[in-house]
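Let's look at how labels such as "buried" are earned. Have the structure ready, and follow along turn by turn.

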Amino acid sequence: MTVTYTARVANARFGGFSKLLLLWRGSIYKLLWRELLCFLGLYLALSAAYRFVLAEGQKRYFEKLVIYCDQYASLIPVSFVLGFYVTLVVHRWWNQYLCMPLPDALMCVVAGTVHGRDERGRLYRRTLMRYAGLSAVLILRSVSTAVFKRFPTIDHVVEAGFMTREERKKFENLNSSYNKYWVPCVWFSNLAAQARREGRIRDNSALKLLLEELTVFRGKCGMLFHYDWISVPLVYTQVVTIAVYSYFLACLIGRQFLDPAQGYQGHNLDLCVPIFTLLQFFFYAGWLKVAEQLINPFGEDDDDFETNFLIDRNFQVSMLAVDEMYDDLAMLEKDLYWDSAEARAPYTAATAFLMQQPSFQGSTFDITLAKEDMQFQRLDGVDAPLGEAHGDFLQRLLPVGAGMAAGGLLGRRLSLLRRKNSCVSETSTAASCACAGAPDGAAPECGCGDPLLDTGLREPESEFPPGPELPVPGPAAEPFTAVPLPVPRGPAPPWLPSPIGEEEESLA
């Protein structure tokens with residue numbers, strides 16, 4: 001039976017785990033005392049032979065052997081190999097428990113989807129859950145020695161009420177050399193489909209939900225079978241076992257106390273019992289025993305899974321859920337906090353102090369800032385008047401240099417950006433353009449004669465008359481301050497995302 005000590009360590013206190021050291025059932029003492037006595041007996045036998053049996057020449061040779069074994073025993077990587085192995089075994093042990101087939105979710109779905117208070121409806125629900133329990137029993141008797149001792153044959157399963165005699169005939173007549181724990185799941189599916197045809201299951205969605213829960217249940221049964229089939233690789237178990245046994249075989253000789261009169265380094269003290277060697281054996285060999293006990297939790301060790309208890313519990317609660325509890329509801333009543341805006345359950349005197357503790361709001365809830373640190377800081381130009389052009393703001397952000405001149409690349413890009421974001425008509429553009437009287441050969445500052453604008457930015461004359469001119473908000477940044485209103489254009493090529501990009505490509 002599983003050793004449960006959770007209540008003993010519910011609260012951390014001084015020496016909390018010390019209360020567990022005197023427990024015997026499931027303890028390391030119960031697992032290891034035979035090996036520990038065997039190791040101590042062999043050690044004392046060698047020590048007695050060295051002290052009282054060997055001749056002087058033999059003692060000198062034995063002392064050299066002791067020094068040699070003690071020097072090279074540390075080359076065996078016991079901690080490294082054993083640590084990884086035990087971690088793997090513990091992880092596998094817990095995953096096997098998570099694969100135990102529990103019918104709780106399945107019985108709730110059966111009770112909610114298979115309807116009928118008559119005898120046939122009750123028969124459907126009970127039979128469905130019996131098939132699920134039968135599948136669990138068949139797989140557990142295949143992997144657990146305790147369950148197999150309880151149900152050694154199919155006759156015992158029939159006599160226990162998990163299977164009828166007619167079902168046993170069908171089960172045995174099924175010609176398959178493999179484990180047939182899945183057969184009751186197929187019976188479950190067929191019976192659920194029959195209940196749907198009879199209207200006991202009212203729609204296909206309910207049938208789908210029922211079969212999905214059965215699939216989860218069936219998957220856990222299959223995982224138990226595969227965990228039993230695929231073990232931890234034998235070579236890994238052998239390596240760990242050989243490493244531990246060979247290390248302590250070397251310690252039997254290498255940890256002997258030598259005659260201090262011989263003056264060997266590190267052998268200034270002569271004792272009979274190696275205290276720290278015994279502790280080391282207790283830890284390493286005990287670690288190996290932990291892996292030995294957990295590698296197959298379906299045996300009969302003290303900490304193995306209570307499979308027979310789970311069979312009894314699952315069968316009883318599943319029948320209660322789909323039979324006696326089916327459609328059995330208490331009268332609907334208003335709850336105690338019906339008229340309360342903030343429902344809160346009462347506390348006893350032992351827990352009243354919890355009412356004074358504030359609820360957790362977040363890890364940053366209690367951080368405080370100085371008043372000046374909580375003021376918003378706006379960038380220069382964000383709060384500027386509405387008429388300020390985007391190009392003026394960008395011009396202040398960009399560094400001033402030769403490239404910012406009107407004829408430079410950056411200057412022309414900013415000029416294009418200003419004209420793109422202006423909202424004036426083409427008539428206003430022609431009247432206010434200052435480059436119309438520029439001398440021959442001089443580069444226009446506004447870029448009106450730029451072929452890029454003629455082909456890319458300028459659009460064909462609209463067939464509609466121009467609308468009224470819109471006033472230019474704010475002071476003009478340059479003599480040329482307006483461009484035509486944009487008209488719908490076709491999609492730009494992917495390599496020319498904007499007029500600025502067009503200018504760059506033409507200049508390149």
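**Reading the labels**

Q: Why is Cys-185 called buried?
A: Cys-185 has a relative accessibility of 7%. Buried means under 20% relative accessible area, exposed means over 50%, and partly exposed lies in between (1.4 Å probe, protein chains only), so Cys-185 counts as buried.

This is a predicted model, where local features need pLDDT of at least 70, side-chain atom pairs count only at pLDDT 80 or more, and totals for chains, interfaces and linings use all residues. Residues are numbered from 1 along each chain as its sequence is written, and side-chain values use heavy atoms, with hydrogens and water left out.

Q: What makes Cys-272 exposed?
A: Its relative accessible area is 51%, so Cys-272 is exposed.

Q: How many disulfides does a search of the whole structure find?
A: Zero. A disulfide is a pair of cysteine sulfur atoms within 2.5 Å. For Cys-185, the nearest cysteine sulfur belongs to Cys-221 and is 5.8 Å away, so Cys-185 is in no disulfide.

Q: How do you know that the span of helix H9 agrees with its 15 residues?
A: Helices are DSSP runs (H or I, at least four residues), numbered from the N terminus. The expected span is 1.5 Å times one less than the number of residues. For H9 (residues 183–197) that gives 21 Å, and the end C-alpha atoms are 22 Å apart, which agrees.

Q: Which residues of H9 are buried, and what covers them?
A: Among them are Trp-187, Phe-188 and Leu-191. Their cover includes helices H4 (104–113) and H5 (119–143).

Technical notes
Helices (H or I, at least four residues) and strands (E, at least two) are DSSP runs, numbered from the N terminus. Contact means heavy atoms within 4.5 Å.
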